[in-house]
Amino acid sequence: MSQEVYYLRFVQIVVSINTLVFIIGIMAVFKGNLVLHKRLNFIAASTTLLGVVGLVVTVFMGFDYAPLTTPTRMLIHRCFSTPLLPILITVLWTGLANKKKVHKFAAKIMIPFWFGTLITGWWFF
């Protein structure tokens, strides 16, 4: 297996774990445990953002992910993953700044992009 495949498998596993952490964090806030919600979701969002940075760094290092999928599949995946980044940053920032109304709104927008990225990441790569 190539280095690209190993890195993508690592990212897929981390994002899958982060999805579970996000779900547990959302359940925590519904149960009234805001502290646990903040801790879990901060960890999940931060490690996801680090994964994105790692992906960009590997591209600059010369990794070539293009042969791993078709251009159409890559386009579909990017339709989910590209908007996800600024939305995730917005959700993280508004949560840390206690801007609850905007945080909840942005989080609801983020969910389909998160799952779209997760599913296409697993299915297409």
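Here is a short tour of helix α1, its contact with α4, and a loop residue, Thr69, in a predicted model.

**Stop 1: helix α1.** Select residues 3–30, the 28 residues of α1. At 1.5 Å a residue, this helix should span 40 Å, and its end C-alpha atoms sit 41 Å apart, so the two agree. Now step just past the end of the helix to Gly32, where phi turns positive, at about 90 degrees.

**Stop 2: the buried residues of α1.** Colour Glu4, Val5, Tyr7, Leu8, Gln12, Val15, Asn18, Thr19, Val21, Phe22, Gly25 and Ala28: these are the buried ones. While you scan them, keep the helical repeat in mind: with 3.6 residues a turn, residues three or four places apart point the same way. What do the buried residues of α1 pack against? Show α2 (34–60), α3 (71–96) and α4 (100–124), and you have their partners.

**Stop 3: α1 against α4.** Keep just these two helices on screen. Their axes lie 10 Å apart and the packing angle is about 150 degrees. Anything over 145 counts as roughly antiparallel, so α1 earns that label relative to α4. The crossing is left-handed. For the contact itself, show side chains on Gln12, Ile13, Val15, Ser16, Asn18, Thr19, Phe22 and Ile23 from α1, then Trp114, Phe115, Leu118, Gly121 and Trp122 from α4. Sorted by type, the contact has 8 nonpolar residues, 5 polar and no charged.

**Stop 4: Thr69.** Jump to the loop between α2 and α3 and pick Thr69. Is Thr69 buried or exposed? The cut-off for buried is under 20%, so Thr69, at 13% relative accessibility, counts as buried. Leaving aside residues up to four places away in sequence, Thr69 touches Met74, Phe124 and Phe125.

Note on methods:
Residues numbered from 1 in each chain as written. Predicted model: local features only at pLDDT ≥ 70, side-chain atom pairs only at ≥ 80, totals over all residues. Heavy atoms only, no water. Helix = DSSP H or I, 4+ residues; strand = E, 2+ residues; numbered from the N terminus. Expected span 1.5 Å × (residues − 1). Buried < 20%, exposed > 50% of the residue type's maximum accessible area, 1.4 Å probe, protein only. Contact = heavy atoms within 4.5 Å. Axes fitted to C-alpha atoms, helices over the stretch in contact; angles between N-to-C directions. Parallel < 35°, antiparallel > 145°, perpendicular 65-115°, else oblique. Left-handed = near helix turned anticlockwise from the far one by under 90°. Nonpolar A, V, L, I, M, F, W, Y, C, P; charged D, E, K, R; others polar.
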